[in-house]
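Here are some short exercises to work through with the model open in your viewer. Try each task before reading its solution.

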Amino acid sequence: MAIHDHQPSFRGGAFLWGGFGLGLLLLAALLTHGFGLLGGNGKSAAEPELVVRQGDKLLVPEGSALRARLSVMPVSLQPVSPKLLLPAVVESDPVRTAAVLTPLSGRLIALRVGLGDRVVRGQVLAVIDSPDLAQAYNDNDKAADASRLTEKNLGRQEAQNKLGVASDRDLDQAKSDYAQAIAEYTRTQARLKVLGASLETKPAARVLTVTAPVSGSVTALSVAPGNMINDPTQPLMTIADLSTIWVTALVPEKDIAAVSKNQDAQVTVAAYPDQVRQGKVLFVSDVIDPDSRRGKIRIALANADYALKPNMFATATLAGSERSLIVLPSSALLMNNDRTSVFVATAPWTFERRVVEAQLEEGSSVAIRSGLHPGEQVLVTGGILLND
C-alpha cells in the first residue's frame, strides 16, 4: 500500500512540472515570434510612418494619416499699411511747466494752495516775511527822500544863480546830485518790481507775495507754513499746464526709419481702453538710448478734461506708408527656440522649416517682412503636427 500510494503522487507531480514547462515554452515563443508582428513603436508592420525625416526635410509618405490634416497655400505680395505698437508714458509739456521760485530768503508765513490745486496766472501762492525785502523797501524810501531833497536844492540853486548869489559850480553840483538821486530812486523801484512787491504798500504790510507764473495744476510742493527758506534757488512748488500734454513713446532701433515728424498717431491708455486719441508726432529723438536700444518720439494731445495724467502708461500706434508684403494666416506661424518659423513645401508632401520675420499682425493675418518669396507653398494648417 505504501508503494501504491506513492506512485500516483509522483505521476501527478510530474504532470504539474511538465505543464509549467510547457507554459514557459509558449511564453518564449510569444516573445520571440508573436510580438514580432508589431513594430518597435507599437504599430502594425503594415501601417506606414506618419512622417519620415530626410535630412533637414520632413516627408509625409503616401497613406499617412497626416495628409488629411495638412493644407498648403501659395504666398503672394499684398498691399499693407504697417502699424507700430509702441509702449509710451504720459508726461507734462516742459514748455508748459514752471518751477515756482522765491527771489529772496525768509520765513513762509502763509501757503495759499495745496498739492493738486489748479491755479491761474497771477494768483497768490505763498506769503513770505523777508528781511531782504524790508531792506529793499528801506533803500527805496531813502532814495525817494533823497530825490525830493535834491530836487528842492536844485530849485534853490537855480533861483540864486539867476540873482547872482550862487555860482555856476554850485548849480552844476545841485544838478548832479539831483540826477544821481533820481537814478538811485529808479533803481530801487525797479528792484521792488522785480521782487513782485507793491510800491504803494504801507510799512506794516511789507511782505513778499509769491504769485503763479502760469496757469495750471500744482504737481509738486516742497514747503509748509513756518518753514525757513534759505536757498532761493530751490523751488517752492511746480505748476504744470496739463491742458496739453505729451505722450512719449519708445521706438525699437529697427523701426526708427518708419517714424517721422508730423506722422499720424493714435494713443490709448489703460484707464480708458475704449477711447482712441488722435495726434501727430512732434519730435523724433536724434539719439538712441544705449541701454534699451530705443529712440524717443513725442506726441502732443489736447487734454481739456484733464483725463490724461502724467506718468500714465499708454500705447501709441503709428501708421506707416503702404507697402507690399507677404501675408499669411496666423495659423501658419510656429514658435521654435524663440524664433518664428513656417513650413515651406519644397516638393509634394515634403516640407522644410524656414525662419521668418513678422512685420505686424492684423486680426488672423500676419505680414511677413523677410524669409519668404512670392509663389512659395507654405503649410497653413496642421503645422503644429510637424513641429518637433
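**Exercise 1. Trace the barrel in this predicted model: how many strands close into it, and in what order?**

Solution. Start at strand 5 and follow the pairing around: 6 strands close into a barrel in the order 5-14-17-16-15-18. The pairing is antiparallel. Next, look at how neighbours sit: ignoring direction, neighbouring strands of this sheet are turned by 40 degrees against each other on average.

**Exercise 2. Find how many bridges join strand 18 to strand 5, and how many join strand 18 to strand 15.**

Solution. Begin with strand 5 (residues 83–92) and strand 18 (residues 313–319), which are joined by 7 bridges and run antiparallel. To locate one pair in your viewer, pick V89, whose bridge partner in strand 18 is F313. Then turn to strand 15 (residues 264–269): 5 bridges join strand 15 to strand 18, again in an antiparallel arrangement. Here V269 stands opposite A314 of strand 18.

**Exercise 3. Which residue of strand 17 is the bridge partner of F283?**

Solution. First select strand 16 (residues 272–284), which 4 bridges join to strand 17 in an antiparallel pairing. Now step to F283 and look across to strand 17: the partner is R298.

**Exercise 4. Work out which residues have the most contacts inside the largest nonpolar core, and which strands supply at least two residues of it.**

Solution. The largest nonpolar core has 24 residues, and L86, V90, V247, I297, I299 and L318 have the most contacts inside it. Strand 5, strand 14 (244–252), strand 15, strand 17 (294–302) and strand 18 each supply at least two residues of this core. Zoom in on I297 next: leaving aside residues up to four places away in sequence, I297 touches ten residues' worth of neighbours listed among them L86, V247, F283 and L318. A second, separate core has 23 residues, including L195, A197, V210 and A212.

**Exercise 5. Are helix 2 and helix 3 roughly parallel or roughly antiparallel?**

Solution. Take helix 2 (residues 131–163) and helix 3 (residues 168–195): their axes come within 8 Å and cross at roughly 155 degrees. Angles over 145 degrees count as roughly antiparallel, so helix 2 and helix 3 are roughly antiparallel to each other. As for handedness, helix 2 passes helix 3 in a left-handed crossing.

**Exercise 6. What percentage of the chain's residues is buried?**

Solution. Of the 388 residues in the chain, 32% are buried. For context, the chain has 4 helices and 25 strands. Among contacts between residues at least 6 apart in sequence, 70% join residues at least 24 apart.

Note on methods
Residues numbered from 1 in each chain as written. Predicted model: local features only at pLDDT ≥ 70, side-chain atom pairs only at ≥ 80, totals over all residues. Heavy atoms only, no water. Pairing = 2+ DSSP bridges. Core = buried A, V, L, I, M, F, W, Y, C linked by side-chain atoms within 4.5 Å. Buried < 20%, exposed > 50% of the residue type's maximum accessible area, 1.4 Å probe, protein only. Contact = heavy atoms within 4.5 Å. Axes fitted to C-alpha atoms, helices over the stretch in contact; angles between N-to-C directions. Parallel < 35°, antiparallel > 145°, perpendicular 65-115°, else oblique. Left-handed = near helix turned anticlockwise from the far one by under 90°.
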